[in-house]
Every structure is written in structure tokens, then in C-alpha cells.
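The following account leads the reader through one protein model, from its overall composition to a single helix. Please keep the sequence and the structure in view while reading.

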Amino acid sequence: MESNNQQQQQHQELVESKPDPLSISQLNISSSSPLPQVNMAEELLKSHRHSLSPNDGLPSKETWGESLDVVDVDFTDPNYDTIEGNGHSDPTSFDADLCEYKKKATIIVEEYFSTNDVVSVANELKELGMAEYRYYFVKKLVSMAMDRHDKEKEMAAFLLSTLYADVIDPPEVYRGFNKLVTSADDLSVDIPDAVDVLAVFVARAIVDDILPPAFLKKQMNLLPDDSKGVEVLRKAEKSYLAAPLHAEVVEKRWGGADNWTAEDVKGRINELLKEYVMSGDKKEAFRCIKGLKVPFFHHEIVKRALIMAMERRKAQEKLLELLKEATEVGLINSTQVTKGFSRIIDLIEDLSLDIPEARSVLQCFISKAASEGWLCASSLKTLSTDSGEKLLENSKANVFKDKVKSIVREYFLSGDALEVVHCLETELGACSSQLRAIFVKYLITLAMDRKKREKEMACVLLSSLDFPAKDVRKAFSMLIESADDTALDNPVVVEDLAMFLARAVVDEVLAPRDLDELLSQPGSSVGEKVIQTAKTLLKARLSGERILRCWGGGGVETNSPGCTASEVKEKIQVLLEEYVSGGDLGEACRCVKELGMPFFHHEVVKKSVVRIIEEQEKKERVWKLLKVCFESGLVTIYQMTKGFKRVGESVEDLCLDVPDAVEKFKSCVVRAKVEGFLDESFAFEEEGSSSSAAT
């Protein structure tokens with residue numbers, strides 16, 4: 001069996017090194033040049049480079065069109081190597097890079113199957129870099145899942161859909177499935193039902209809109225008729241995609257998304273650390289760590305232990321001693337320790353908001369761990385202690401860009417435009433025109449890589465933000481300037497961006513004359529085409545109605561089918577009422593978890609505190625819910641603080657119904673700090689409270 005696996009691996013590596021006939025060049029490569037006199041080694045090297053081109057495949061969700069045909073590439077053209085080259089002039093370096101990537105990709109997949117932590121996978125792939133090799137991650141993820149249970153298969157399909165466009169570029173997904181289908185004969189040697197399983201994966205990718213339907217026919221034309229790959233494609237097409245209600249059948253083939261997530265493990269880590277702080281029993285803590293059976297997730301233990309040590313000064317020595325001994329006995333390996341510290345360094349800016357001295361405390365932790373020999377400080381990122389004003393404007397813009405992505409992604413999940421407005425008010429204040437333009441640019445850029453729902457949501461949000469027209473115009477100017485580059489990844493950028501531009505005019509976010517002003521600015525040929533297309537759309541008969549309905553309208557749904565943000569708030573209200581009347585704590589926690597919106601848990605906190613203020617006779621039961629949600633890790637300290645902050649902002653409105661609401665809220669703040677689930681730095685300033693709605 002082991003010998004077969006080795007032969008299979010050697011054969012797959014040989015296949016991967018061959019020229020990829022699906023590679024798409026965005027340039028027209030001439031085939032009229034005479035055949036160069038090159039030796040076989042040079043030809044193989046060029047083919048090897050070309051097989052790693054990041055531009056193969058049909059690269060965008062919602063952009064698959066019949067006009068996107070594969071461009072024939074002349075591999076003998078002397079210009080080919082310079083145009084499509086991947087920068088690997090040294091074949092030895094190339095092989096070493098790919099070999100290293102394969103090892104790390106396998107570890108990441110194994111860890112994901114153990115923890116089900118999508119965020120961790122995304123972060124690790126970003127840290128790993130080498131985006132041109134991510135097709136191999138797609139191939140490895142699917143091939144490893146094929147030989148496992150339905151749970152892992154569903155996890156793999158869900159991960160690909162989640163990482164699509166944000167982490168793994170569309171061409172790499174396309175190319176990864178190309179490699180899988182090509183190697184179907186080899187996969188069938190060790191996996192008896194490989195044809196059927198891989199057919200489901202291909203069908204699922206098409207249903208999830210991460211592969212174009214044209215993938216099937218194009219691959220069939222490239223494979224031998226008697227190959228297993230052709231069987232896979234035919235089965236995907238005829239048995240799965242041609243069936244009635246095929247989308248529902250394919251999505252439920254492996255049972256749908258599993259309820260178990262990394263949050264369960266994080267909750268247990270929280271519990272074992274708190275129990276250790278109280279008891280000081282290292283043996284019991286070590287037993288609990290072993291019992292988790294997630295060695296690839298031990299960096300989370302390091303991270304949470306360090307944060308707890310920052311928050312609880314009296315427990316610092318105990319927690320650092322636990323990490324030290326766990327490392328010395330080999331329970332937590334050095335890689336996981338380094339990764340845990342690195343994650344804290346990445347979070348230090350946010351931590352500093354709640355723990356002002358977080359940076360200096362972390363520096364002390366690093367120095368202590370390095371001096372005691374259980375941390376290699378040289379492998380960590382630099383922890384700058386300079387908080388001066390150098391490059392302040394660029395720094396603000398870069399920080400804001402990261403926050404914009406988070407805000408927009410949360411909006412695409414929740415559909416809560418009011419939450420976005422609130423976040424922008426907090427982040428921007430009296431911000432410059434530049435930052436508002438950055439927000440609009442990223443909103444539209446992220447929407448263009450997604451489905452119609454998100455595109456419609458972006459338009460709805462843009463019309464509700466009430467930004468000055470000059471800022472929106474500036475954002476579109478930046479989008480148009482970069483249209484040439486965007487076209488490399490999104491072949492229908494002209495149509496998408498033109499529709500956004502026309503929609504902005506219809507929604508009166510921009511004036512028609514703004515299009516002329518944009519056209520008068522120096523730009524690219526693609527940019528000019530965008531503006532001309534937008535003008536054509538606006539001139540058409542009944543253009544307003546057509547443009548408004550282009551993406552379906554009303555894109556304010558959450559990921560939970562049929563739920564709007566208002567409905568989620570109503571669900572929170574109902575679960576609190578049922579809990580207060582019935583007292584079933586476990587059921588209440590389950591309902592909070594099943595909301596599937598951890599970034600929205602501040603609403604649970606807010607409504608709970610409001611209920612405590614309004615219903616004094618039921619307050620102990622609600623206090624217990626807040627405490628259990630925090631201690632189990634269901635509600636984070638950030639969401640808890642945010643919830644209390646929301647109540648503080650709306651306390652003036654509460655006073656209309658509860659005259660002594662301010663005093664009661666202050667008592668809630670004091671008690672929450674005593675109970676340990678509200679940060680000591682939280683302060684309520686009555687004068688600064690806003691008049692936002694309480695419920």
C-alpha cells in the first residue's frame with residue numbers, strides 16, 4: 001500500500017510539472033515567431049513555469065460567460081517565457097519551494113480537519129504566502145477529504161467556498177480542480193469510489209459558484225475518452241447537475257455544515273485555563289490539554305493564556321509557568337508557542353484599546369520566555385514600541401483599510417446597514433475625504449467578487465450612507481484607474497463596474513454630470529469603456545427600473561436563510577423572553593450559538609442589560625446567562641464591552657421608561673467588573689451618551 005502511495009505521488013508530481021493547457025494569458029501571444037533553437041531542459045523549465053501561472057482558469061464568481069474561451073498559447077514563442085514566467089529562474093529553488101509548500105499545506109489541512117477553524121486556515125495561508133501554489137492546497141484538501149468521512153468532505157467543500165476570492169484566487173481554484181480531474185486515475189487506485197466522490201466535489205463547486213459550468217466540457221475535450229477524469233465529469237453533469245433540485249441534493253449529500261466548530265474547543269480552553277488559575281493544578285491542566293486532542297490548535301492555548309495573563313495581573317506568574325512547563329515536557333511544541341505569540345503581536349493594536357499597557361506587558365512576556373529558553377524570539381515579528389507620529393496618514397489609511405474589509409464582510413453576513421453606519425461613525429469621526437473614498441472603493445471591490453446578493457447589498461448601503469458626492473466620485477475614479485489590473489482577475493469588470501456606476505446615478509448618489517467629469521480625467525482604455533457602458537445603460541428605455549432590478553433588489557439577508565438583521569434581533573428578544581420565563585440555561589446558550597453570528601453577540605449583551613434594568617425581579621437569571629456565555633467563550637470580552645457600550649449610548653432613551661436607568665446601569669457596570677466579564681478600563685460617561693435606540 002505504501003509503495004502504491006509513493007508511486008502515485010511520483011506520478012502526480014510528474015503530471016504537475018507538465019504544461020497546463022488551461023492556462024489563460026491576458027495578452028495575445030504571437031505564434032508567428034520562428035521556432036527557437038532550445039534544448040529539452042529549457043523547454044521543460046518553461047513549461048514548468050507556465051504550469052504555475054496565476055492567470056489560468058475562469059476567474060470570478062458570478063462572471064462565468066460563454067464568451068470566455070481558452071486562449072491558445074504557443075509554448076514555442078520566444079516571448080512566452082518572459083511574459084508568463086513565474087520568477088523561478090532556478091529549477092532547484094522552484095522544486096524546494098513547491099516541496100516546502102506541499103509539506104505545510106498537508107499540515108494545514110490536517111489541522112483544519114481537527115479543529116474546523118476556517119479563520120485559522122485563512123490566516124495560515126496568508127502567512128505562508130506563495131499564492132501561485134494555492135492550486136496545490138485545493139488539490140490536497142479535496143484529495144485528503146475524499147478518503148475520509150462525510151464530515152471531512154463537507155468541511156472541505158465549505159472551506160473552499162469560504163476562502164474563494166478572499167484567500168484563494170479564482171484561477172487557483174479552477175486549476176486545483178483541473179489537477180484533481182487529471183489525476184482521477186491515480187486517486188482511484190487507493191479510493192474505490194473516487195469517481196463518484198470527486199464528481200460530487202466538482203458538482204458542489206459549480207453549485208457553490210466557485211467553478212464555471214463550462215469547466216465540464218472544456219476538461220472533457222482535454223482528457224482521453226477512456227480516462228477516469230472523463231467519467232468524473234460525465235457523472236457530475238448527468239447524475240448530479242442534471243437532476244431535479246440538484247442544488248439542494250448536492251448541498252445535502254454529505255449532511256450539510258457540521259454543528260461542531262472551533263468555538264467548542266476555544267470554550268474548553270477557556271475553562272481549563274480558568275480552572276488552572278483557581279486551583280494551580282498543573283497535572284490536571286496538562287491532562288485537559290491532552291484530552292483536547294488538537295495538537296495543531298495549541299497556539300490557541302498560548303494566545304488565550306497570554307491574554308488572560310495581561311488581564312489578570314495576579315495570575316501572570318501561574319500562566320507563564322504553565323506555558324513554560326508545557327513546552328519543556330513537549331506537550332506544546334515550539335512552533336505552536338511561536339505561533340501563539342505571533343498571533344498576539346498581530347492583535348496588539350486591538351488589545352491596547354482594552355489593556356492600555358498591553359504592548360509593554362507583551363514585551364516583558366517575550367523577554368522572559370526568551371531568557372528562560374522556551375521561546376525563540378528571533379522568529380517573531382518585530383513588536384514596535386514606537387507610538388510616534390511617523391507616517392501617520394499612511395498608517396491611518398492602512399489600518400482603516402483592514403477595518404473596512406472586516407466591516408464590509410460583516411455587513412454581507414448580517415445585512416445590518418445601521419451597524420455599518422455606527423462603525424463608520426466610530427472609526428471615521430471627522431474623517432478626511434480620502435478615508436470615505438477608501439471605504440466606497442473597498443465596498444464595491446469586495447462586492448464585485450461575490451454574488452448578486454452582495455452586489456445589491458453594496459448598492460443599498462452606498463445609497464444609505466449619505467456620503468458627499470465628491471467622495472463617491474473619488475472612489476469611482478480610483479476604481480476606474482485600477483480597472484486594467486482588475487480585469488486580469490475579473491474578465492467582466494467593465495460590465496460590473498459600469499452597472500455600479502449607473503446604479504449610483506439612479507440612486508442619486510452621483511449626478512449624471514459626474515460621469516462626464518470622470519471621463520475627462522486621464523485613465524485607461526478599460527476605464528473609458530466602463531464609463532461609456534454606464535452611459536449606454538442610463539440612456540436605454542426604462543433604464544432606471546432595469547438597473548434597479550439588475551441584481552434582484554433588496555439584498556439585506558443574512559447567511560441564515562430568510563433572516564434579516566431585524567429578524568435576528570427579534571430572535572434574540574424571543575430567546576431572552578423564553579429563558580427568563582423557563583430558566584433553561586443550556587437551551588438559551590444553544591440558541592445564541594445557533595444564531596451563527598458571533599460578531600453580533602453584542603446585541604445579546606445589550607438586550608440582556610436592558611432587560612436587567614427594566615425587570616429587576618428577573619435580573620439574577622439574566623446575570624447568570626451573561627456570565628455563562630462569557631466563561632464558555634460564547635461571548636468574547638470585545639462583544640461584551642461593545643454591548644455595555646451600546647447600552648451606555650442609549651441610556652438617555654431608557655430614562656423615559658425607567659427614570660433611574662442611569663443609576664441602575666452604573667450598578668450593572670460595577671457588578672460586571674466584579675464578576676470578571678467586563679474589562680476594568682470600561683467607563684460610563686453620562687454626558688457623552690447618545691440618543692440611539694435602546695432596543
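**From the whole protein to one helix**

Buried residues make up 51% of the 695 residues in this protein, which is shown here as a predicted model. Its secondary structure comprises 36 helices and 0 strands. The accessible surface of the protein comes to about 32,700 Å², and carbon and sulfur atoms contribute 51% of that area. Among contacts with a separation of 6 or more, 79% join residues that lie 24 or more positions apart.

The interior may be considered next. The largest nonpolar core contains 66 residues, and within this core F137, L163, F177, F201 and V202 touch the most other members. Helix α10, residues 194-207, supplies the largest share of this core, with 12 residues. A second, separate core holds 54 residues, including Y411, Y442, L443 and I531.

The surroundings of F137 can be followed in detail. When residues up to four places away in sequence are not counted, F137 touches Y101, A105, I108, V109, V121, L125, L159, L163 and I168. Two of these partners, V121 and L125, lie in helix α5, which spans residues 118-128.

Helix α5 therefore merits a closer look. Its buried residues are V118, S120, V121, A122, E124, L125 and L128; the list thus includes the polar residue S120 and the acidic residue E124. At the start of α5, a side-chain oxygen of D117 reaches to within 3.2 Å of the backbone nitrogen of V119. Just after the helix, G129 takes a positive phi of about 70°.

Conventions
Residues numbered from 1 in each chain as written. Predicted model: local features only at pLDDT ≥ 70, side-chain atom pairs only at ≥ 80, totals over all residues. Heavy atoms only, no water. Core = buried A, V, L, I, M, F, W, Y, C linked by side-chain atoms within 4.5 Å. Buried < 20%, exposed > 50% of the residue type's maximum accessible area, 1.4 Å probe, protein only. Helix = DSSP H or I, 4+ residues; strand = E, 2+ residues; numbered from the N terminus. Contact = heavy atoms within 4.5 Å. Areas by Shrake-Rupley, 256 points an atom, 1.4 Å probe, with all protein chains shown as cover. Polar contact = N/O pair within 3.5 Å; in protein donor to acceptor, adjacent residues only side chain to side chain.
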